[in-house]
Amino acid sequence: MSIGFSRVGDKLPLGVGGCPSLWQLCFQRGAGGRTQAAIRCSDLLLPLKNSLRSQFPPPCCRVSRLRIDCAHHQQQALMAVEAIETNGWTGERCQLTVKYPPPPPLPPRSPACDPHFVDKFASLACILQAVHDARIFDDAKTIIDMPLNAPLEEILEAFSRLPVADDGRSVCVGSLKSFLEEHFSPAGSDLQPCRPADYVEDPVDFLPDVEDERVRKWALDIHRFWLRLCRRVSDRVRIAPLQHTLLPLPHPVLIPGERFREVYYWDSYWTIKGLLVSKMEKTASGVVENLIEIGRRVGFVPNGARSYYLNRSQPPMLSRMVREVFEATGDQSLVLKALPVLQQEHEYWTTWPHGVSIEDECGQIHSLSRYHALWNQPRPEEHGTDRETAGGMTELAAAQFYCDVASAAESGWDFSSRWCEDPLDLRTLRTTRIVPADLNGLLFQMEMDVAFLAGAVNAPTVAAEFSDAAARRCAAIDSLLWNEEKSQWFDLLLLDKDEDDKVNGMERWRRNQHLRVGGRERAAAGDEISLLGSLEDNDDDDDADADAAAADDVVHDTINRSRQQGRVFRDACQTDQVYASNFVPLWCRLISHDKERVRRVIRALEMSDLIHPGGIATSLVHSGEQWDFPNAWAPLQDMIICGLAESRTVEGKRLARELSGRWLRSNLVAFEKTGHMHEKYDVRAVGAVGGGGEYTPQVGFGWSNGVALSLLKRFGTTTSWLLYSDDDDQVVEVLEEEEEKVL
C-alpha cells in the first residue's frame with residue numbers, strides 16, 4: 001500500500017484504517033512497545049532508542065511504504081521522531097521516503113562560486129564610487145544598504161544617462177542626488193520595528209541578586225532596549241531579493257544598533273546571553289534559527305545578513321549560541337537543526353584556504369586555521385575607502401590587500417595593528433599570513449561543543465569525531481601558539497611565500513564549492529531521500545544498543561571527508577605583541593585541567609599592562625584603529641572575565657570579579673552621562689567612550705547590553721557594590737573578606 005500526502009500534518013479522512021493521524025499508518029505496534037530507529041537527516045544519522053507505550057488500538061491496515069512531499073527534510077525527521085514517541089507505533093519493515101521542493105530564492109551562496117554575485121557588485125561599483133567621490137553620505141555603508149526601486153539593469157541604464165560634471169570625469173552632484181532619491185529607498189526601509197513575542201516589561205525573577213536600586217534601574221533600562229533593537233525583515237525582500245542586499249530571515253532579529261541595521265554573526269552570541277537573562281528564550285531561539293537557516297543555505301554563517309557579507313564569516317560562535325539556548329530550554333529540536341550546519345561550518349574553517357598545515361620544530365605537522373576572506377576586490381560596503389587605501393599599489397598587491405582587509409573584517413577586529421606589518425600603516429595588512437590564537441581557541445571550543453551537543457541527541461560517532469578533532473587542535477595549539485616563557489598564547493606568523501598557493505587554493509575552493517553546492521541543489525530539486533530504514537521489534541536491550549551503535553557507525557564523517565592535504569608551511573614564528581586575544585583561549589578551556597598553568601596565565605594577564613580603570617584594553621598599541629589601545633570591547637571583557645571566573649582557582653575568581661566591577665562601573669557611568677550603551681569604551685577613564693576606526697562610534701548596543709546583563713547575573717550584589725568604589729585598596733579588602741563566602 002502506498003499513500004501520498006501534500007504536507008506534514010495532513011489528516012487522513014475518518015474511517016481510513018480507523019486511524020486519526022497519517023503517522024499512525026507508518027508504524028506498527030511491537031511487543032512491549034519498544035522500538036529501535038535510525039533516521040537519516042541530511043548528513044546526520046540519529047539513532048533513537050525509545051521505550052514507548054501505545055495508547056491507541058492497532059490500525060486495521062499495514063503500510064510498507066509512505067511518501068511525503070515536504071518543504072524541509074530535517075523537519076520531517078523531527079516529525080517522525082515526535083510521532084514515534086507520541087503514538088508508540090513500530091513497523092516491521094516500513095520505509096519512509098521524503099521528496100522536498102527547491103528552496104525559495106536567496107542571494108548567491110558565495111561570491112567565490114557564483115559569478116552573478118561578483119557581477120552584481122561589479123556593476124554597482126560605478127555608482128558606489130560616484131557616491132563616494134561626491135561625499136553624499138557620511139557613512140559609505142549607507143548606499144549599499146539602500147533597496148533598489150527597480151531592477152538593477154534599469155537603474156544602471158538611468159545612471160549612464162546622468163550628466164557629467166565640468167571636470168568631464170565625475171557625475172553632476174545635483175543630478176546624482178536626484179537619481180538616488182528616485183531609484184533607491186532609504187537605508188533600513190526594508191526592516192520593520194517589531195515587538196518580541198516573549199518580551200515583558202519587568203520579567204519575573206529578573207536578576208534577583210542585584211538589589212541595589214541604582215544598578216537595578218540601569219539593568220531594567222538595558223532590558224527595555226530590546227524593544228528598540230528588534231526588527232523584522234520586510235516581505236519585500238522575499239518578493240524581490242535581487243533589489244535588496246538584506247537577506248530574508250524567518251524570525252525577528254536583534255540588530256546591534258545605528259549603522260548596523262542587520263544581524264551580525266558573532267555579535268549575536270552576546271545578544272543571546274542578554275536575552276536569556278531577560279527571560280526571552282523564544283526570541284533567543286529565533287536568533288539562533290536565523291543563523292542556522294543562513295548557514296544551511298550558504299554552507300557557513302556569514303559576517304552578517306547582507307549579500308555583500310557572503311564573502312566571509314566571523315569568529316565561529318554558533319555552537320556556543322546553540323549550547324546556551326539548549327542548556328536554558330532543553331530544546332533538542334534546535335540541536336538537531338544545528339548539527340548539520342555546524343558540521344558544514346567546521347568544514348569551512350578546516351579546509352583551504354582557512355585550514356593550513358604547519359610543521360613544528362620537531363617535524364610534526366599540525367592543522368590550524370586562519371582568517372581568509374573569499375574576496376579580492378574592494379569591499380562593497382567600503383568600496384571607495386578600500387580603493388583609496390590601495391591607491392598606487394600594483395594590481396596583484398591591490399588584490400592581496402583587498403583579500404587581507406576583508407579577512408581582517410572576518411576576524412571581527414576591523415581594524416587593528418595586530419594584522420599589520422607596520423602597526424601604524426593599514427596598507428601593510430597581512431591578515432592571511434597570521435594564524436590567530438583566539439580563533440583556534442574558539443574552534444577548539446566549537447569542536448568540544450559539537451561533541452557535547454551530539455552526545456545530547458545520542459549521536460556518539462559524531463561526538464567522538466569532534467572530540468578527536470578537539471584533541472588534535474589542542475596539541476597543535478600547545479605546540480605552535482602557546483608560549484611557555486610568557487605564559488600566554490601568541491598568534492603565529494606564516495613566513496613562507498605562498499602567493500601561488502593562495503591563487504591555486506582559491507581555485508580549488510571554487511571548484512569544490514561548485515561540486516558540493518551543485519550536489520545539494522540536485523537533492524533539493526526533488527531527489528527522493530530515504531530517511532527511515534527498517535524498524536524491527538527487539539526486546540533485548542543489549543541487542544538494541546548494538547543496533548544503535550551499528551546505525552551510528554554509518555554517519556557521514558564530515559570531518560575526515562573535509563580534511564584535504566594542501567601545502568605545509570615550514571617557516572613560521574610567534575608574534576611577540578600583547579593583545580587581549582592572547583588570553584581568550586583561557587575561556588575556551590584549553591588548559592582547564594592544569595591549575596598551575598592557569599595561575600601562570602592569570603599572573604601574565606595581571607602583568608600585561610592591559611588592565612586599566614575602565615577594563616581590559618584591546619592592545620598596547622595606540623594606532624588610531626578601533627581594535628587597539630585605548631579601546632575596550634564587551635566581547636573581549638566577557639570572554640576573559642568568564643575564563644577567569646570558570647578557572648576553578650581563587651586567583652581567577654578574584655580577578656574576574658574585580659574586572660567585572662571595572663567594566664560595569666564604566667558602562668553605568670557612561671550610561672548616566674549619555675543615556676546610551678556604547679559599542680566600545682575608553683579604558684583610561686571610568687565612563688569614557690571609545691573612538692577611532694573607519695566610522696563614528698555607535699550606540700545601541702547589542703553586545704554591550706548582553707554582556708552587562710550577563711555579568712550582573714553572574715556576580716550579583718558583589719559586583720554592584722564594586723560599581724561605587726574608586727579605591728582599589730578598599731576593593732581588595734572587601735574581596736578578601738568575601739573570599740570564603742563566594743568561593
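This passage walks through the overall make-up of the protein, its main core, a small sheet and a few individual residues.

The model is a predicted one. Its 743 residues include 59% that count as buried, and the secondary structure comes to 24 helices and 21 strands. Contacts reach a long way along the chain: of those with a separation of 6 or more, 76% are between residues 24 or more positions apart.

The largest nonpolar core takes in 182 residues. Phe179, Trp218 and Leu318 are the ones with the most contacts inside this core. Helix α14, spanning residues 437-456, supplies the largest share, namely 10 residues. The core isn't confined to one domain either, since at least three of its residues come from domain 2 (115-145 + 149-183) and at least three from domain 3 (597-726). As for Phe179, once neighbours within four places in sequence are set aside, its contacts are Ile127, Ile155, Ala158, Phe159, Leu162 and Phe184.

Next comes a small sheet. Three strands make up this open sheet, in the order β10-β9-β16 and with mixed pairing. At the edges sit β10 (365-369) and β16 (568-569), each of which pairs on one side only. On one side of β9 (residues 355-359), 5 bridges tie the strand to β10, and the two run antiparallel. Ile358 has His366 of β10 as its bridge partner, and Glu359 is likewise matched with Ile365 of β10. The β9 and β10 strands form a hairpin with 5 residues in between. Within that turn, Gly363 shows a positive phi of about 85°. The pairing of β9 with β16 is parallel instead, and rests on 2 bridges. Here Ser357 finds its bridge partner in Val568 of β16.

How enclosed is β9? Where does that leave its residues, buried or exposed? Of the 5 residues of β9, 4 are buried, so the strand is largely enclosed by the rest of the structure. In a regular strand, side chains alternate between the two faces of the sheet. Helix α15 (residues 460-480) packs on this sheet and touches both β9 and β10. The direction of α15 makes about 100° with that of β10.Cysteines are worth a quick look too. A search of the whole structure turns up 0 disulfides. Two of the cysteines sit in different accessibility classes: Cys126 has a relative accessibility of 36% and therefore counts as partly exposed, while Cys420, at 4%, is counted as buried because the cut-off is under 20%.

Some individual residues round out the picture. Ala197 lies in the loop that runs between β6 (191-193) and α6 (213-229). With a relative accessible area of 66%, Ala197 is exposed. Even so, Ala197 has contacts with Lys282 and Thr283, leaving out residues up to four places away in sequence. The C-alpha atoms of Ala197 and Thr283 are 7.3 Å apart, although 86 residues separate the two in sequence.

Val215 belongs to helix α6. Its relative accessible area is 0%, so Val215 is buried. Along the chain, Val215 and Leu668 are 453 residues apart, yet their C-alpha atoms are separated by 8.0 Å.

Lys673 is part of helix α22, which covers residues 650-674. Like Ala197, which has a relative accessible area of 66%, Lys673 is exposed, in this case at 60%. Neighbours within four places aside, Lys673 is in contact with Val686 and Gly687. Ala688 is 15 residues away from Lys673 along the chain, and the distance between their C-alpha atoms is 9.7 Å.

How values were computed:
Residues numbered from 1 in each chain as written. Predicted model: local features only at pLDDT ≥ 70, side-chain atom pairs only at ≥ 80, totals over all residues. Heavy atoms only, no water. Core = buried A, V, L, I, M, F, W, Y, C linked by side-chain atoms within 4.5 Å. Buried < 20%, exposed > 50% of the residue type's maximum accessible area, 1.4 Å probe, protein only. Domains from an automatic or database assignment. Contact = heavy atoms within 4.5 Å. Pairing = 2+ DSSP bridges. Axes fitted to C-alpha atoms, helices over the stretch in contact; angles between N-to-C directions. Disulfide = S-S within 2.5 Å.
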